[in-house]
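The following exercises are to be worked with the sequence and the model in view. Each task is followed by a solution that proceeds step by step.

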Amino acid sequence: MHCLFCDQIIQQPSSFTQFLFGIPSVYCCKKCEEQIEYTSDSHAIYFYNSFMQDVLHQFKFLKDIRVADFFAKALKKKVRGMEYDLIIPIPMHVEMEKKRTFSPVEVVLQQAKLPFQSVLEKTTMSQQSKKTYEQRINSSSLFKSLPQVDVTQQKILLIDDLITTGTTIKHAKTILLELGAKSVEEVIFISGKK
Ligand SMILES: [Zn+2]
């Protein structure tokens, strides 16, 4: 069998690999395992080091769906015991979605068998440019909400793949609270905070 990340042949899967993947369809070699760092950010799981940058690239741009397993297992563990009514993934730009043909966050949620609702949609650049400066700096202008899901009085759990500045999450929280959500928490796969 081969390592999911570096393709090196593995003789004996490590206990970490077995823990992470169970009876595995994918493996992580010792060398790659040692490069995984965790973040001190309580809302996130992994630290965005150069290894994790490559992992994210392999998943999002090379579209290696097997990587979803890696994040799905960690996500399931992270949300266990958390109190929420509704999971909402942070959407990517409509243009990006077309290019990538799949939504990484949604694929991980499906893999983790965590039910979710797509409530938010990123506003397109053209929609944004039609707005005035004031409207654009308004915190909720990054997203629009899709009307079919009622979030009133719901405890929301937002899921995203990478957090750097936190602006996206802040905007999503604002719009969901404006829509009547009771509370909004987030879990992010990877954080830029060490
Ligand atoms: Zn490896």
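**Exercise 1.** Establish whether Cys32 is buried or exposed, and why.

*Solution.* The relative accessibility of Cys32 is 5%, and therefore this residue counts as buried. The classes are set on relative accessible area, with a 1.4 Å probe and protein chains only: buried is under 20%, exposed is over 50%, and partly exposed lies in between. The model is a predicted one, in which local features need pLDDT of at least 70 and side-chain atom pairs count only at pLDDT 80 or more, while totals for chains, interfaces and linings use all residues. Residues are numbered from 1 along each chain as its sequence is written, and side-chain values use heavy atoms, with hydrogens and water left out.

**Exercise 2.** Identify the residues that coordinate the zinc ion, and explain why their arrangement is called tetrahedral.

*Solution.* Step 1: the donors to the zinc ion are the SG atoms of Cys3, Cys6, Cys29 and Cys32, at 2.3 Å. A donor is an N, O or S atom within 2.8 Å of the metal (3.2 Å for Na, K and Ca); water is not among the atoms, so sites may look incomplete.

Step 2: the angles subtended by the 4 donor atoms run from 105 to 115 degrees, and the arrangement is therefore tetrahedral. The criterion for four donors is that all angles lie between 85 and 135 degrees; four count as square planar and six as octahedral if opposite donors are over 155 degrees apart and all others between 65 and 115, and anything else is irregular.

Step 3: along the chain, the donors follow the spacing C-x2-C-x22-C-x2-C. The pair Cys3 and Cys32 links distant parts of the chain, 29 residues apart: Cys3 is in the segment before helix H1 (15-21), and Cys32 is in helix H2 (residues 30-33). Helices (H or I, at least four residues) and strands (E, at least two) are DSSP runs, numbered from the N terminus.

Step 4: Cys3 has a relative accessibility of 1% and so counts as buried. Cys28 is in the loop between H1 and H2; at 1% relative accessibility, Cys28 also counts as buried. The C-alpha atoms of Cys28 and Leu4 are 5.7 Å apart, although the two residues are 24 apart in sequence.

**Exercise 3.** Describe how helices H3 and H4 pack against each other, and list the residues through which they meet.

*Solution.* Step 1: H3 (residues 50-60) and H4 (residues 67-79) have axes 9 Å apart, at an angle of about 120 degrees. Axes are lines fitted to C-alpha atoms, for helices over the stretch in contact, and angles between N-to-C directions run from 0 to 180 degrees.

Step 2: H3 and H4 are therefore oblique to each other. Under 35 degrees counts as roughly parallel, over 145 as roughly antiparallel, 65 to 115 as roughly perpendicular, and the rest as oblique.

Step 3: Met52, Val55, Leu56, Gln58 and Phe59 of H3 meet Val67, Ala68, Phe70 and Phe71 of H4. A contact here means heavy atoms within 4.5 Å.

**Exercise 4.** Which residues of helix H6 are buried, and what covers them?

*Solution.* Step 1: in H6 (residues 104-111), the buried residues are Pro104, Val105, Val107, Val108 and Leu109. Step 2: their cover includes H3, H4, strand E2 (86-89), strand E5 (155-163) and strand E6 (183-191).

**Exercise 5.** Examine the backbone and exposure of Lys113 and Lys63.

*Solution.* Step 1: most residues other than glycine have a negative phi. Step 2: Lys113, just after H6, takes a positive phi of about 55 degrees. Lys113 is in the loop between H6 and strand E3 (120-122), and it is exposed because its relative accessible area is 70%. Step 3: Lys63 also has a positive phi of about 55 degrees without being a glycine. Its place is in the loop between H3 and H4, and at 32% relative accessibility Lys63 counts as partly exposed.
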